[in-house]
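Subject: Structure for you to look at

Hi,

Here is the structure I promised to pass along. Have a look at it first, and then read on for what I found.

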Amino acid sequence: MKSSKISILIKEKLKLKKVIINKQYNNIIITAIGDFFIGMNSLEKQKNIYKILMPYFLKKKIHAVTINTYTISEWNKKNFIE
């Protein structure tokens with residue numbers, strides 16, 4: 001599955017500010033940034049991403065993911081902002 005398709009899918013479904021996708025071998029690294037995540041713990045944040053990607057896991061189009069999630073405030077505090 002193409003990185004751009006994954007990024008657009010997650011960004012639109014969760015109305016996020018930014019989704020960054022990196023691939024390392026068979027692992028897809030997802031960094032998702034948006035205020036959608038306010039008030040959620042790590043597990044809740046990741047579950048929302050997995051729920052979107054589950055059909056692609058079942059069809060074996062995606063094999064492994066690493067998910068990093070941030071609110072816009074958390075992202076800014078880490079000085080990751082462009």
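Let me start with a question you can try on the screen: which residue of β2 does Ile-21 stand opposite? The partner is Ile-30. Before you go further, please keep in mind that this is a predicted model.

**The overall picture**

The chain has three helices and three strands. If you follow the sequence from start to end, they come in the order α-β-β-α-β-α. The C-alpha trace spans about 35 × 25 × 20 Å along its principal axes. The radius of gyration is 12 Å, which agrees with the value near 12 Å that a compact globule of 82 residues would have.

As for what is covered and what is not, buried residues make up 37% of the 82 residues. The accessible surface comes to about 5,600 Å², and carbon and sulfur atoms account for 52% of that. I also looked at contacts between residues at least 6 apart in sequence: 49% of these join residues at least 24 apart.

**The strands**

β2 is a good place to begin, since it pairs with β1 and also with β3. Strands β1 and β2 run antiparallel and are joined by seven bridges. Their hairpin has two residues between the strands, and Tyr-25 takes a positive phi there, near 55 degrees.

With β3 (residues 64-70), β2 (residues 27-33) runs parallel, again with seven bridges. Two of the pairs are easy to find: Ile-28 has Val-65 as its bridge partner in β3, and Ile-30 has Ile-67. So that you can trace the link between these two strands, look for helix α2 (residues 42-58): β2, α2 and β3 form a β-α-β unit that is right-handed. β2 is also mostly covered, with six of its seven residues buried.

**The core**

In soluble globular proteins, nonpolar side chains tend to be buried together. Here the largest nonpolar core holds 19 residues, and the members that touch the most others are Ile-6, Ile-10, Ile-30, Ile-49, Leu-53, Ile-62 and Val-65. At least two residues of this core come from each of α1 (3-14), β1 (18-24), β2, α2 and β3. The largest share is that of α2, with five residues.

Ile-49 is worth clicking on. Leaving out residues up to four places away in sequence, its contacts are Ile-10, Leu-14, Ile-30, Ala-32, Phe-37, Ile-67 and Thr-69.

**Two buried polar residues**

Thr-69, the last name in that list of contacts, lies in β3. Is Thr-69 buried or exposed? Its relative accessibility is 14%, so Thr-69 counts as buried. Besides Ile-49, Thr-69 touches Ala-32, Phe-37, Lys-45 and Glu-74, again not counting residues up to four places away in sequence.

Asn-48 sits in helix α2. With a relative accessible area of 16%, Asn-48 is under the 20% cut-off and is therefore buried. Outside its neighbours within four places in sequence, Asn-48 is in contact with Leu-14, Phe-36 and Met-40.

**Some exposed residues**

Glu-12 is part of helix α1. Its relative accessible area is 57%, so Glu-12 is exposed. To get a feel for distances, compare Glu-12 with Ala-64: they are 52 residues apart along the chain, and their C-alpha atoms are separated by 21 Å.

Two lysines in loops also caught my eye. Lys-15 is in the loop between α1 and β1, and its phi is positive, near 55 degrees, in a residue other than glycine. At 71% relative accessibility, Lys-15 counts as exposed. Lys-60 is in the loop between α2 and β3. Its phi is positive too, near 60 degrees, and with a relative accessible area of 62% Lys-60 is exposed.

That should be enough to get you started.

Best wishes

Terms used:
Residues numbered from 1 in each chain as written. Predicted model: local features only at pLDDT ≥ 70, side-chain atom pairs only at ≥ 80, totals over all residues. Heavy atoms only, no water. Helix = DSSP H or I, 4+ residues; strand = E, 2+ residues; numbered from the N terminus. Buried < 20%, exposed > 50% of the residue type's maximum accessible area, 1.4 Å probe, protein only. Contact = heavy atoms within 4.5 Å. Pairing = 2+ DSSP bridges. Right-handed = clockwise from strand over helix to strand, strands pointing away. Rg over C-alpha atoms; globule rule 2.2 N^0.38 Å. Areas by Shrake-Rupley, 256 points an atom, 1.4 Å probe, with all protein chains shown as cover. Core = buried A, V, L, I, M, F, W, Y, C linked by side-chain atoms within 4.5 Å.
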